[in-house]
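Student: I'm new to this one, so could you take me through a single part of it up close? I'd like to follow one stretch of sheet from strand to strand.

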Amino acid sequence: MTKEIYIGDKNSFAIRYVPGYTYRDSGHYYAFCHLVLGGQIIGNPAESCSLNSWKYSLKLLKDRIKNDFESIAHLEFSNKSDRELFELIWKANQLEEEYKDEYKYLPVLDNQVWSSCHISIDETTDAYLITMTETEGKIKFLWEGWREPCPEDKIGKLFEVTVDRNIVIEAMENCLDKIEREYQKYPVQ
């Protein structure tokens with residue numbers, strides 16, 4: 001495997017990138033791209049992704065942060081603990097019978113809150129529940145391991161990192177630019 005690079009600050013927000021490969025005559029490109037939140041690689045570092053879907057999802061996420069930042073803010077987010085914020089967002093996409101008893105006191109927000117605030121890029125993020133909210137002009141990322149391949153010691157544990165919005169946008173834009181410059185030169189398998 002080619003040497004990995006981190007685009008951004010891997011202690012707060014970065015993207016881990018390892019150039020990949022293409023299959024002969026398929027037109028499909030693969031690489032190893034993972035979010036890095038608070039120093040944790042989200043997903044299995046050995047799991048590749050389809051670049052077309054990964055780039056598309058990352059671009060949508062970047063555009064939401066850059067052009068529709070207010071969509072990740074809500075009045076109900078004020079004065080809530082990290083766990084309450086996380087539960088508010090997921091509750092907006094749950095059926096009543098799925099609500100956790102200890103958080104039934106939280107209001108049920110419109111599903112648009114979940115659509116705007118949860119993060120799912122592709123199979124690399126599938127083992128995690130990830131949210132983002134606006135907090136004092138920055139982005140608060142909250143994530144919890146959900147299932148394998150997330151390391152067992154992180155499943156069910158909530159993590160948080162707050163990052164300047166411009167750092168996140170810059171890392172995403174730099175990653176997308178780098179991929180665009182390199183992917184057509186990937187080796188053929």
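Tutor: Start where I119 stands opposite I130 in β7. Strands here are DSSP E runs of at least two residues, and helices are H or I runs of at least four, numbered from the N terminus. This is a predicted model, where local features need pLDDT of at least 70, side-chain atom pairs count only at pLDDT 80 or more, and totals for chains, interfaces and linings use all residues. Residues are numbered from 1 along each chain as its sequence is written, and side-chain values use heavy atoms, with hydrogens and water left out.

Back to the strands: H118 has T131 in β7 as its bridge partner. β6 and β7 (residues 128–135) run antiparallel, joined by 2 bridges; two strands count as paired if DSSP finds at least two bridges between them.

Now cross β7. I130 also stands opposite W143 in β8, and β7 and β8 pair in the antiparallel sense over 8 bridges. Their hairpin has 2 residues between the strands, and E136 takes a positive phi near 50 degrees there. As for cover, 6 of the 8 residues of β7 are buried (under 20% relative accessible area, with a 1.4 Å probe and protein chains only).

Zoom out a little, and you have an open sheet of 4 strands in the order β6-β7-β8-β9, with antiparallel pairing. Its edge strands, β6 (118–119) and β9 (158–164), each pair on one side only. Helix α2 (residues 82–91) packs on this sheet, touching β6, β7, β8 (138–145) and β9, where contact means heavy atoms within 4.5 Å.

Conventions:
Axes are lines fitted to C-alpha atoms, for helices over the stretch in contact, and angles run from 0 to 180 degrees between N-to-C directions. Buried means under 20% relative accessible area, exposed over 50%, partly exposed in between (1.4 Å probe, protein chains only).
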